[in-house]
Amino acid sequence: MTETHDIGTTPAGTVWEGAVGRTWDVVIRPASPWWRLDLKEIWRYRDLLSMLIYRDLTALYKQTILGPVWVLVQPLLTSIMFAVIFGLMARMSLAGYPPLLFYMAAVVPWSFFSVVVTKTAATLTTNAPLMTKVYFPRLIPPLSTLGSSAFTFLVQLALFFVFALFYRVSGFLCLGTRLGIALVASVGVIGNGLALGAGLLVAALTTKYRDLAFVIGFAVQLLMYMSPVIFPLAKVQEGSKLRIVVEANPLTPVIEGFRGSLLGSEMHWSTLWYPAIVSAVLIVLGLALFKRVERSFADVV
Amino acid sequence: MSAPNDIVMRAEGVGKRYRLGVTDRRQFIDEFKAFTYKLRGKADPTRSLDAMGSQRIGEDFWALRDVSFEVRHGEVLGIIGRNGAGKSTLLKLLSRITQPTEGVISMRGKVSSLLEVGTGFHPELSGRDNIYLNGAILGMRKTEVDAKLNDIISFSGIEHHIDTPVKRYSSGMRVRLGFAVAAHLEPEVLIVDEVLSVGDADFQRKSMGKMKDSANSGRTVLFVSHNMTAMRSLCSRVIWLENGRVRMQGPTEEVVAAYLGNNSSSATEKTWGEEDAPGSEVGRLRHVRVAPASGGELFLWEDAIDVEITFEKLVDEPVYLVIWVYNSDNMEIVNTNIRESLSEADTLISGTHVAVCQFPSHLFNSGDLILSIGMAHNGRMSFKLDNVVSFTVVEPPRTGTWHGRRQGMLQLQLPWKVR
């Protein structure tokens, strides 16, 4: 059997029945349509996902004195800061809730959102050295961000409940536990969708317009002031310009809903339609664009 | 014919195009303009004209074109070619880092590449954690890493520091750890790119052994290297890429010989006419040729090397021809001038002369060598012409287990005695 081949062509006379016996595991073609998410591929790399989550959670607080305690200290300090500045100094009326609880109930989901958005938006840049050398599903790093942030979020939520017990305020008990959980879950899903969708969208666009990397920090900050993190929505005058802006923010019902279910105030399910639709659109758009740039990403960077 | 089922990788008409010059970082307003014009069915005004009109090749650059080959199970396939021939692009396509512009690549089983060892190490995590992380990045399951952890640690040779954060490692230790993980991947197709150049000699031997084991245990290996010695002893078949196309593929010896022959004949001779002869008022060069004294095609290590210079001497005073030898890193290895063996009287008369300088056999280490030639007059350099001719010294096939490139600029054959 000789192996001498013609120059530049496939060997003459070789018939490719080989593929019949056992199908190819991987077929690389110039382009695959954007809606093909390859969930199977992501599942195959689930160990990488869990390793990256582990890395995010452990490496962040290495060589700090407080270590993982920072996870609890951060939202607590922010909430105390807000409580002092807006609650005590600006004497903002908080519908009778203890300022610390009022702010914590919004700061915890808000920081979840902002971390996921900013980190996802930078995912292609921060992982560029990796992505130009090894193949893995490019959605893995954003998903790992989501995972590690979700873990942090749950820990911080637990801290909230400790404080809630202390203040004897519990929305879950007031609303009925089942309803509370359903509300928190649906609000969480919508919030995640918004964060991931917006993050992916920005990540994809950042490869083309680096400006966005700078804009995103301001945008997230602005979004916070446009959402009822530091004030209750009810305090914004109905029909005012500020009210319109705040209500246009899809995060507003999410934050309100979350705080409502934790603190036990009235909550209208119908308000969730708007952020749910926005989140779905962002996810589809974000995934499509992300998929588009990930193909040529290694060549551009 | 062997059973076709053993084909583990197949590339059909694979091509990869890069855009040259187009930075793809237009301002947003351009993007918007392009979009609105497109809506109205007009030509994009922000595009340069020749890109749409005439097919100007300068805009597009095909790093790979029409590349087709197949790899059989258990084969060790070598890929050679000069820098820029498309080797790295091909590897990037095969390891799925980037996607082809045209063609289809089909693969069976797990394909892992060692494009860079230690990819994704996190400095804050311990060596042990990084084994898991790196393994996962390279596509290993956690249970796989669990099973091989002890082997990996002992292969890396850094057992004592395995729980130390990687940021405290020396770069050598990092490479060892990275390679140790990569060596335990056990994919069906392993892609290796010049990895042999990392680490010290002892570690190279280990890695080489591991690669041979892989090949012997029926694993398929794609091996890219400039090291023809390793190529010859490891690969059964070689693909030679040139300018993004497959120039030749076939049995290793045939392709490697053709490649070396082609490469070394490229710039061994230079001739100048009456008009363009380089030089100065004391003399000019007309013809330079470098060739093995044996008259063969290749500059083998055991050959003496003749440098033949035809020059015009324009003055009736002593003029000294000088030859400098540089390696590919532009390091000067040696220089020699005509007065070393000829008397002043021999170089006195003007006119056209032919000088031959012979470098002895067993002198230069394998690699590319570049000659500069100049003339000195009255104790100062009158001119020096760089990069006149070049040639590649080839080392004969080596026996033994070590195939790394020998360091050093010279490779002498010195008399040894044992008492």
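**How helices α4 and α5 of chain A meet**

Helices α4(A) and α5(A) are oblique to each other, a class left for angles outside those under 35 degrees (roughly parallel), over 145 (roughly antiparallel) and 65 to 115 (roughly perpendicular). In this predicted model, the axes of α4 (residues 70–89) and α5 (residues 99–121) of chain A cross at roughly 130° and come within 8 Å. Axes are lines fitted to C-alpha atoms, for helices over the stretch in contact, with angles from 0 to 180 degrees between N-to-C directions.

Residues of α4(A), including A:P75, A:I80, A:F82 and A:F86, meet residues of α5(A), among them A:L100, A:Y103, A:M104 and A:V107; contact means heavy atoms within 4.5 Å. By class, twelve nonpolar, three polar and no charged residues take part in the contact of α4(A) with α5(A).

Turning to the whole chain, chain A holds 14 helices and one strand, taken from DSSP runs (helices H or I, at least four residues; strands E, at least two). Of its 301 residues, 47% are buried, that is, under 20% relative accessible area with a 1.4 Å probe, protein chains only.

The mean pLDDT, the predictor's confidence in each residue from 0 to 100, is 78 for chain A, and 82% of the residues score at least 70. Confidence is highest in helix α3 (residues 46–59) of chain A, at a mean of 89, and lowest in helix α1 (residues 18–21), at 42.

Residues are numbered from 1 along each chain as its sequence is written, and chains are lettered from A in the order in which they are written. Local features need pLDDT of at least 70, and side-chain atom pairs count only at 80 or more, while side-chain values use heavy atoms, leaving out hydrogens and water.

Notes. Nonpolar A, V, L, I, M, F, W, Y, C, P; charged D, E, K, R; others polar. Buried < 20%, exposed > 50% of the residue type's maximum accessible area, 1.4 Å probe, protein only.
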